[in-house]
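Subject: Structure handover

Hello,

I am passing on the structure we talked about, and below it you will find some notes on what turned up in it. Please keep it open beside you while you read.

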Amino acid sequence: MTRGTVGELMHPGVIACEPDASLGEVALLLVRHRIHAVFVAGDDGEPTGVLTDIDLLAGEWLAGDEEGLAVMRGITAGELMSAPPQTIDVAATAGEAAARLRAGGIGRLLVVDQDRAVGVISVSDLVAGLARRRTVPRNVGGAMSQAIVVCRPEATLEAAARAMTERRSRSVVVVDEGGTVAGIITGHDLLALHEQPEGGELVRDLMTRELRTITRDASLREAADLMLLHEVHRLVVIDAERPLAPPVGLVSTADIAAAMAEPESVWRGGAAGRE
């Protein structure tokens, strides 16, 4: 499952800051780009160090009083960074990158090509590589997301929005105390708050209670037909023998598009799905 090279799995390009950047500016870069580390550029533009979100947490205690806060505000990225950054060649294998990350207990490596930084490979990139399907899914069970984001009805709308943003999900499944699905809240549901900021405070105020469900053995064609019929982008996947049990997954338009994009799929000219 670790096939591939660093160059194939890495994120091209490097998010970097100047050595004199403040910790607040570094934090803004981390949030804006949804990353966990920023590299610090040298005079030639090449990274000379790295500053992670963990590094920022280490200085939190300095803000306990006005004097400590003043000290923290004066610290720069160049002063707090770890140097030099750990690097790996663009042609190295995914296995080599994984071994380096595990051995060093670190989250990322700077990818270089002939001593020039060309990208970054992180734990998340290697995990994403493992998520790539080896076979084209033929039914809902093969295409669905088994790891789904859930919350309780009494969760705040702010928490739901944060979960969608952090998990890069367009929906959150709402479950009650027993794990039974009570509804679903989507990004479109939350759009109402921009029009009516006082429209509700809790997930139960905006969630959709009328769920569209499907079983894992249903075909992708059946899933697509249901989505088109009810004008929805996702279906909750349930166990046919235990319909009131916690959901087994979620299948979305994005999941079906991903199946269509597989190299061996019939939509890409492959033989899969023809028989």
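Does Ser252 count as buried or exposed, and what is its relative accessibility, for what is a predicted model? At 16% relative accessibility, Ser252 counts as buried, because anything under 20% falls into that class. You will find Ser252 in strand β13, which covers residues 249-252, and, once its neighbours within four places in sequence are set aside, Ser252 is in contact with Met227, His233 and Arg234.

A second buried residue to look at is Asp55, which has 18% relative accessibility and belongs to helix α3, made up of residues 53-58. If residues up to four places away in sequence are not counted, Asp55 touches Val50, Leu80 and Ser82. Of these contacts, Leu80 is worth finding in the viewer, since Asp55 and Leu80 are 25 residues apart in sequence, while their C-alpha atoms are 7.4 Å apart in space.

Next come the strands. Four strands form an open sheet in the order β1-β7-β6-β5, and the pairing within this sheet is mixed. Which strands stand at its edges? They are β1 (11-12) and β5 (87-89), and because each has a single partner strand, one side of each is left without a neighbour in the sheet. The partnership of β5 with strand β6 (residues 108-113) is parallel and runs over 3 bridges; within it, Thr87 has Leu110 in β6 as its bridge partner.

The cysteines can be dealt with briefly. The structure holds 0 disulfides, and two cysteines that you may like to locate are Cys17, which counts as buried at 7% relative accessibility, and Cys151, which also counts as buried, at 14%.

Finally, there is the question of empty space. Rolling a probe the size of a water molecule over the atoms shows where such space is left. How much space lies in the largest pocket, and which residues are closest to its centre? The largest pocket holds about 1400 Å³ of space, and of the 45 residues that line it, Arg34, Ser124, Glu166, Arg167 and Arg168 are the closest to its centre. Sorted by class, the lining of the largest pocket consists of 19 nonpolar, 15 polar and 11 charged residues.

With best wishes

Key. Residues are numbered from 1 along each chain as its sequence is written. This is a predicted model: local features need pLDDT of at least 70, side-chain atom pairs count only at pLDDT 80 or more; totals for chains, interfaces and linings use all residues. Side-chain values use heavy atoms; hydrogens and water are left out. On a 1 Å grid over the protein atoms alone, a cavity is a set of points where a 1.4 Å probe fits but cannot get out, and a pocket is an open set with protein on both sides within 12 Å along at least five of seven lines; lining residues have an atom within 4 Å of a point. Grid points are joined across faces, edges and corners, and a volume is the space filled by probe spheres set on the points. Ala, Val, Leu, Ile, Met, Phe, Trp, Tyr, Cys and Pro count as nonpolar, Asp, Glu, Lys and Arg as charged, and the others, Gly among them, as polar. A disulfide is a pair of cysteine sulfur atoms within 2.5 Å. Buried means under 20% relative accessible area, exposed over 50%, partly exposed in between (1.4 Å probe, protein chains only). Helices (H or I, at least four residues) and strands (E, at least two) are DSSP runs, numbered from the N terminus. Contact means heavy atoms within 4.5 Å. Two strands pair if DSSP finds at least two bridges between them.
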